[in-house]
Amino acid sequence: SMGFRGQSQYLNLNRDYVKADAPEMRAWLKLWQRWLPDFLIDVHTTDGADYQYDLTWYTEDPHKLNPAVNEWQHDAIVNHAIPAYEKRGHLASIYLEFKDGRDPRKGIANFGSGTRFSTGYAALQNRPALLIETHMLKPYANRVHATYDLVELMLEQINQHPVALLATTARADADTVARAHHPHSSVPLTFKPDPQSTPYELKGYAFTISHSDISGSHWIQYDPSRPQSYTIDNWNGLLPDLSITPPAAYAVPAQWTAIIDKLDAHGIRYQRIDRPVTIHAEGYQLDDPSWAGKPFEGHLMLRDFTQRTAPREVTLPAGSVIVPLDQRTANVAINLLEPQAPDSLLHWGFLNAVFEIKEYGEPRVVEQLAREMLAKDPALHAEFQHKLHDDPAFAANSGARLQFFFERSPWYTAQHVGAYPVLRLDAGQLHHLPANRAPTGSDGNP
């Protein structure tokens, strides 16, 4: 009767917060923008290992949060709501993602929440968020009461001290806007496990591990009649890994409607230019792409690529949008538009076409072209001979040999293969854009 985690288009809404494919998610984002709530609670049911707890709960790592949000969240949940919850007779634990589901004694790790999830998206929006997970093996009535009591206690906590929460989210929004005026600020895009674990007392059940003739692996079986505690390692902590310095603004050419549509979906403010503008800006050159071997959530995701910064002179057509980062949704824009962000539009495959070579060189034409290029460029001649000598596979591949010359010709470079279309503007470049560009919200309204 529960159904499945995919909606009618086979999309999991709890992987859709940033890419916003599902109509349900786009409607939810409009609701979010209309109400702009100060706190989010997301209620789930989980499976996996069995244990004594009525529910487990999760909040984003402090490094993913504005300091004021993290401080409020920790105080409200850890210092107040959870102790009050346990006084009501409940047993709660932090979220339990076991490093090895077949042996809980090996410890727990961070489950890898990102911006595609509810709590990760709330963090981008400068809002505290609480994930509640009851367990499928618990009686349904227990799960309902366990969830109801924690939600009630959180609401009571907020109702008793509303000013503290309102001041927290206002401060976080103001910090994000002010960051745009500090050109050397840093924003983490990815996170890595903290190498230092802490001990954690797991209130679980006795279990046995046996060899399975079915799977050929180990089979863990719990005995809920025998509660047992274990001291295990907690590896939940995260540290910033890859960070970037945000630009003053992004520029998105008008033809990239898929990107602009996502800005609209998230309520990100931008301005449209009303005439063509030639700008010199910072861009990215992306090479060596590799994709996942199968689709995920309706997309063939771009798994890996190389990236380097490249100065770019581009004429932006009328209708192109400028996304300033002195706005409260700046973190959402950064995570959509910076290629290396794990849930960027690039990673989700919305820009795969930038890697496609649309034009090619007819072999008989490139034969002549290669001779002309070698005659004019001794360095190219030396490079070609060197590659023939050092790469037997290349030397034996007639197509690769001709492609060597085509890729160094103006007919290839003019296609801008791998040129990321979103540009980064500094404050000076932003200032020199036409003063009469039309100021709009993402919905086209002032």
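**Reading pockets, cores and a sheet**

Visitor: How many residues line the second largest pocket, and which of them lie nearest its centre?

Guide: The lining of the second largest pocket is made of 35 residues, and H63, K64, P188, L189 and F191 are the ones that lie nearest its centre. Please keep in mind, as we go on, that this is a predicted model. The space in this second largest pocket comes to about 800 Å³.

Visitor: Which helices and strands supply at least two residues each to that lining?

Guide: At least two residues of the lining come from each of helix 3, helix 5 (162-179), strand 6 (187-188), strand 7 (191-193) and helix 7. When the lining is sorted by class, it divides into 14 nonpolar, 15 polar and 6 charged residues.

Visitor: How much space lies in the largest pocket?

Guide: The largest pocket holds about 940 Å³ of space. It is lined by 33 residues, and those closest to its centre are R5, H44, T45, T46 and E133. Two or more lining residues come from each of strand 1 (40-46), helix 3 and strand 5 (129-135), and strand 1 has the largest share, with 4 residues. Sorted by class, this lining has 14 nonpolar, 13 polar and 6 charged residues.

Visitor: A cavity is a different kind of space, I believe; how should I read one, and how many of 30 Å³ or more does the structure hold?

Guide: The general idea is that a pocket is open, whereas a cavity is a space where a probe fits but cannot get out. The structure holds 1 cavity of 30 Å³ or more, and the volume of the largest cavity is about 40 Å³. Its lining consists of D50, Y51, F98, P104, L202, G204, Y205, Y222 and Y230. The elements that give two or more residues to this lining are strand 8 (198-211) and strand 9 (218-235), with strand 8 giving the most, 3 residues. By class, the lining of the largest cavity comprises 7 nonpolar residues, 1 polar and 1 charged.

Visitor: Since strand 8 and strand 9 have come up, how many bridges join them, and in which direction do they run?

Guide: Strand 8 and strand 9 run antiparallel and are joined by 14 bridges; one pair to look for is A206, whose bridge partner in strand 9 is D223. Both strands belong to an open sheet of 3 strands, in the order 4-9-8 and with mixed pairing. Strand 4 (108-109) and strand 8 are at the edges and have a single partner strand each, so one side of each is left without a neighbour in the sheet.

Visitor: Which residues touch the most other members in the largest nonpolar core?

Guide: A core of this kind is built from buried residues, which here means under 20% relative accessible area. The largest nonpolar core has 41 residues, of which L263, V323, L336, L337, L346 and Y420 touch the most other members. Among the elements that give two or more residues to this core are helix 1 (23-35), helix 6 (257-265), strand 14 (277-291) and helix 7 (330-337), and helix 7 gives the most, with 6 residues.

Visitor: What is L346 in contact with, leaving aside its neighbours within four places in sequence?

Guide: With those neighbours left aside, L346 is in contact with L286, L302, F305, P339, L351, F355 and Y420. There is also a second, separate core of 18 residues, including L55, I82, L130 and I132.

Key:
Residues numbered from 1 in each chain as written. Predicted model: local features only at pLDDT ≥ 70, side-chain atom pairs only at ≥ 80, totals over all residues. Heavy atoms only, no water. 1 Å grid on protein atoms, 1.4 Å probe; cavity = no way out; pocket = protein on both sides within 12 Å on 5 of 7 lines; lining within 4 Å. Points joined across faces, edges and corners; volume = space filled by probe spheres on them. Nonpolar A, V, L, I, M, F, W, Y, C, P; charged D, E, K, R; others polar. Core = buried A, V, L, I, M, F, W, Y, C linked by side-chain atoms within 4.5 Å. Buried < 20%, exposed > 50% of the residue type's maximum accessible area, 1.4 Å probe, protein only. Contact = heavy atoms within 4.5 Å. Pairing = 2+ DSSP bridges.
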